[in-house]
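Trainee: I should like to learn how the descriptive words used for a structure are justified. May we take one example and reason through it together?

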Amino acid sequence: MRSDSLPTTICQERKKDPIEMFHSGQLVKVCAPMVRYSKLAFRTLVRKYSCDLCYTPMIIAADFVRSIKARDSEFTTNQGDCPLIVQFAANDARLLSDAALLVCPYANGIDINCGCPQRWAMADGYGACLINKPELVHDMVRQVRNRVESPRFSVSIKIRIHDDLARTIDLCRKAEATGVSWITVHGRTVEERHQPVHYDAIKMIKENVSIPIVANGDIRSLKEAENVWQMTGTDGVMVARGLLTNPAMFAGYEETPLKCIWDWVDISLELGTPFMCFHQHLMYMMEKITSRQEKRVFNALSSTSAVLDYLTDHYGDESLSKSL
């Protein structure tokens with residue numbers, strides 16, 4: 001767990017409180033937890049382009065608690081990385097609360113992943129299987145609340161919906177009664193992957209609880225985010241793939257601007273982002289602005305210097321691009 005020698009009081013000094021943001025009446029724009037992708041460098045980038053709240057990638061709580069190596073590799077932050085939510089995959093209340101205690105000096109809250117539909121996660125008792133275990137969710141939230149002393153430290157959950165929406169509403173009501181700060185709802189069932197998002201279900205959930213609800217699923221532009229926010233009556237929207245392909249989406253850009261690409265280069269070099277991650281993000285960002293042939297060439301590059309040469313040759317030098 002690397003925090004650039006941050007003082008342990010940093011989160012108490014942060015001005016932006018996510019819970020207050022959700023009660024502001026304004027659209028709260030959220031970067032989703034994305035395995036391999038929503039790490040410090042990418043969070044730094046989207047914050048430059050009107051993202052209000054960022055999540056870490058999903059972290060296995062048990063590994064995080066038991067392994068210093070896991071902590072150092074899975075959680076890196078700095079003073080500008082706020083407000084920040086650390087998402088954990090957990091199936092044990094004690095281990096989750098142990099993990100929460102480790103990150104609470106450096107984050108605004110934790111989120112329990114109750115929505116990951118991948119088979120390995122569900123087989124290990126993580127992710128979307130938890131929507132069928134409200135008692136375990138209750139116990140995990142309660143233990144975090146009892147052990148983390150800061151009243152401003154949030155505990156949220158991210159869920160998928162049931163085929164029978166009444167079960168999801170019941171789950172959300174129970175979570176609210178337990179003290180969950182807010183709930184993010186991905187508007188698909190566990191079995192659904194690319195089917196249309198059930199925004200009507202998210203709206204119904206919002207109408208049946210008093211805590212903030214965040215809508216998630218297939219949002220790829222600021223206009224779509226605003227439409228979903230208004231359609232569902234929710235308090236915020238969470239975006240994953242839309243931000244990967246266009247990190248400037250929340251600032252109103254329809255496609256990734258060149259300035260954003262060069263900002264990513266600067267941030268990645270400054271923070272020492274591994275080449276594979278650096279390159280993969282650029283592949284996503286340039287998806288809509290490159291031809292098929294250009295993609296083949298760019299995707300085959302194998303070093304940071306080769307990528308920088310390509311960008312300079314095709315899009316001008318950095319100083320020129322930043323003026324565009």
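Trainee: What is the accessible surface of the chain, and what share of it belongs to carbon and sulfur atoms?

Mentor: In this predicted model, the accessible surface of the chain is about 14300 Å². Carbon and sulfur atoms hold 50% of that area.

Trainee: Why is the chain called as compact as a globular protein of its length?

Mentor: The globule rule gives 20 Å for 324 residues, and the radius of gyration of the chain is 20 Å, close to that value, so the description applies. The chain contains 17 helices and nine strands, and its C-alpha atoms fill a box of roughly 55 × 45 × 40 Å along the principal axes.

Trainee: How many of the 324 residues count as buried?

Mentor: The share is 56% of the residues of the chain.

Trainee: Why is K29 called buried?

Mentor: Buried means under 20% relative accessible area. The value for K29 is 14%, so K29 is buried. K29 belongs to strand β1. Apart from neighbours within four places in sequence, the residues in contact with K29 are S50, C51, D52, L53, L222, V237 and F250.

Trainee: What makes α3 a mostly covered helix?

Mentor: Of the eight residues of α3, seven are buried. They are L40, A41, F42, R43, L45, V46 and R47. The elements covering them include β1, β2 (53-55), β4 (84-89), α12 (241-245), α13 (258-271) and α14.

Trainee: How many aromatic pairs does a search of the whole structure find?

Mentor: The search finds eight aromatic pairs. One of them is formed by Y37 and Y284.

Trainee: How do you know that Y37 and Y284 form an aromatic pair, and why is the pair called edge-to-face?

Mentor: Ring centres within 6.5 Å make a pair, and planes over 60 degrees apart count as edge-to-face. For Y37 and Y284 the centres are 5.5 Å apart and the angle between the planes is 90°, so both conditions are met.

Trainee: What does the pair tie together?

Mentor: Y37 is in the loop between β1 (28-31) and α3 (40-47), while Y284 is in helix α14 (residues 275-285), so the pair ties together parts 247 residues apart in sequence. Both Y37 and Y284 are buried.

Trainee: Which residues form one aromatic cluster?

Mentor: That cluster consists of F64, F75 and F88.

Trainee: How many positive and negative side chains are there, and how far apart are the centres of the two sets?

Mentor: There are 38 positive and 39 negative side chains, and the two centres lie 2 Å apart.

Definitions and conventions:
Residues are numbered from 1 along each chain as its sequence is written. This is a predicted model: local features need pLDDT of at least 70, side-chain atom pairs count only at pLDDT 80 or more; totals for chains, interfaces and linings use all residues. Side-chain values use heavy atoms; hydrogens and water are left out. Helices (H or I, at least four residues) and strands (E, at least two) are DSSP runs, numbered from the N terminus. The radius of gyration is taken over C-alpha atoms; the globule rule is 2.2 Å times the number of residues to the power 0.38. Buried means under 20% relative accessible area, exposed over 50%, partly exposed in between (1.4 Å probe, protein chains only). Accessible areas come from the Shrake-Rupley method with a 1.4 Å probe; for residues, only the protein chains shown count as cover. Lys and Arg count as positive and Asp and Glu as negative; His and the chain ends are not counted. The place of a charge is taken as NZ of Lys, CZ of Arg, CG of Asp or CD of Glu. Rings of Phe, Tyr and Trp (its six-membered ring) pair if their centres lie within 6.5 Å; planes under 30 degrees apart count as stacked, over 60 as edge-to-face and the rest as tilted. Contact means heavy atoms within 4.5 Å.
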